[in-house]
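Biologist: I would be grateful for a close examination of one part of this model, namely the main sheet, followed by an account of how the remaining parts are arranged. Please treat the ligand surroundings in the same answer.

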Amino acid sequence: MKNNLSNIKKAIKYLNNGQCIAVPTETVYGLAANAYSNKATEKIFKLKKRPKSNPLIVHYYNLKDLKKDCEINDLFLKIYKKFSPGPISYILKLKKKNKISKNVTNGKQTVAVRFPKHKLTRKLLKDLKYPLAAPSANMSKKISPVSKEDVIDEFGNKIKFILDGGRCKFGLESTIISLENNPEVLRLGAIDKKKLKKYLVKKNNQKTRKKKILVPGQGKVHYSPDIPIRLNATQPKKGEAFLLIKNRKEKNKNYYYLSKNKNMEEVGKNLYKKLRKIKNKGFKFIAVEKIPKKGIGEVINDRLLRASKKL
Ligand code: TXA
Ligand code: MG
């Protein structure tokens, strides 16, 4: 912990100087900067090559801090009490007087917020005088990093400091829910949609709404390892790496395993790590075994489908 404390101090120094740094969360690593500063948040977009039209998630320590910037309601409080801190993000209305940089929201009246559970980042947020805007610490549209090494793989020495918090527990991004009008899940993620169902019962008939709200950053192509992915494969073709859910006795050089025993949480945790590993081994193609859609399997299938779309 002593080491951790000195690293947190370093992180604070960089952030107070308007730099962006990488921070661990229980989902994936984030590329963090002072959410109240135009200059600091500008750097996030530049580093990631992320279009300004894609708003960022703001990470808070607690409700007291959040209330300075956002309007909250009873439904939010109920869900917050159950799931936060944890891998869930909320879309809330901004207060008229708020300090969030316009870069973060792309000028919208709403903002995505989250209370991460990772110990180091919670300590960091507690000690800072501002919340942190932090998208996943990867180049726009690429695979999210789940360890310090992955962040280095994405950015090399372009990031001044990485707060090393070890391997991310979930390895998949947070679930995003909108609590702005009709409550709904906008992005599947680490918290199972089913667990949220009872909170998100709609008051009005959903059919009356014409257009589905989209998360601006959830384009069809995302989470890409930069090489083609073939889904629901039963056998690898020549030159393909084969990604399987469960360990097999066969020891083929091109076989990669997502779990020892088909545990879906473990599959989720390992997904991005293995995709990155396969790409870095120099494979030009990946075949992935069919993955059951149960529980977190639905999220894994969502990410793989987007990762398999052509760039
Ligand atoms: O687990 C996570 O959520 C990670 C860690 C670092 O916290 N962060 C993350 O951020 O996944 P990012 O930027 O990669 O994804 C955030 C998504 C984007 O697709 C963005 O379009 C959407 O949230 N978003 C942000 N603000 C929004 C808003 N006001 N309305 C709708 N969608 C929003
Ligand atoms: Mg991302």
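Modeller: The model shown is predicted. Within it, eight strands make up an open sheet of mixed pairing, and their order is S1-S2-S6-S3-S5-S4-S7-S8. The edges are occupied by strand S1 (21-23) and strand S8 (184-187); each has a single partner strand, so one side of each is left without a neighbour in the sheet.

One pairing inside this sheet can be followed residue by residue. Strand S2 (residues 30-34) and strand S6 (residues 132-133) run antiparallel and are joined by two bridges. Asparagine 34 has leucine 132 of S6 as its bridge partner.

A helix also packs in this region. Helix H4 (residues 74-83) lies across strand S4 (88-93) and strand S7 (175-178), and its direction makes about 160° with that of S4. The loop between H4 and S4 holds proline 85. The peptide bond that leads from serine 84 into proline 85 is cis, with an omega near -5°.

A further backbone feature concerns the loop between helix H8 (193-196) and S9, where tyrosine 223 is found. Tyrosine 223 is not a glycine, yet its phi is positive, near 55°.

S9 also belongs to an open sheet of four strands, which has the order S9-S12-S10-S11 and parallel pairing. In this sheet the edge strands are S9 (229-233) and S11 (255-259), each of which pairs on one side only. From one strand to the next, the twist averages 25°. Further inside the order, strand S10 (residues 240-246) pairs with strand S12 (residues 285-289) in the parallel sense, over four bridges. Within this pair, glutamate 240 stands opposite phenylalanine 285 of S12.

Two helices are placed against the four-stranded sheet. Helix H9 (residues 264-280) lies across S9, S10, S11 and S12, and runs at about 150° to S11. Helix H10 (residues 296-308) packs on the sheet as well, where it touches S9 and S12, and its direction makes about 135° with that of S9.

The surroundings of the ligand may be described next. Ligand 1 is surrounded by 26 residues, of which the closest are Thr27, Asn54, His59, Ser174 and Gly217. Several side chains place an N or O atom at a short listed distance from a polar atom of the ligand. For serine 174, the side-chain N or O atom is 2.6 Å from an oxygen atom of ligand 1. For arginine 187, the corresponding distance, again to an oxygen atom of ligand 1, is 3.0 Å. For threonine 110, the partner is a nitrogen atom of ligand 1, at 3.1 Å from an N or O atom of the side chain. On its own, ligand 1 has 690 Å² of accessible area, and the protein covers 97% of it.

Finally, the chain may be considered as a whole. It contains 10 helices and 12 strands. Its radius of gyration is 19 Å, close to the 19 Å that the globule rule gives for 311 residues, so the chain is as compact as a globular protein of that length. Along the principal axes, the C-alpha atoms fill a box of roughly 60 × 50 × 35 Å.

How values were computed: Residues numbered from 1 in each chain as written. Chains lettered and ligands numbered in written order. Predicted model: local features only at pLDDT ≥ 70, side-chain atom pairs only at ≥ 80, totals over all residues. Heavy atoms only, no water. Pairing = 2+ DSSP bridges. Axes fitted to C-alpha atoms, helices over the stretch in contact; angles between N-to-C directions. Contact = heavy atoms within 4.5 Å. Near = heavy atom within 4 Å. Polar contact = N/O pair within 3.5 Å; in protein donor to acceptor, adjacent residues only side chain to side chain. Areas by Shrake-Rupley, 256 points an atom, 1.4 Å probe, with all protein chains shown as cover. Rg over C-alpha atoms; globule rule 2.2 N^0.38 Å.
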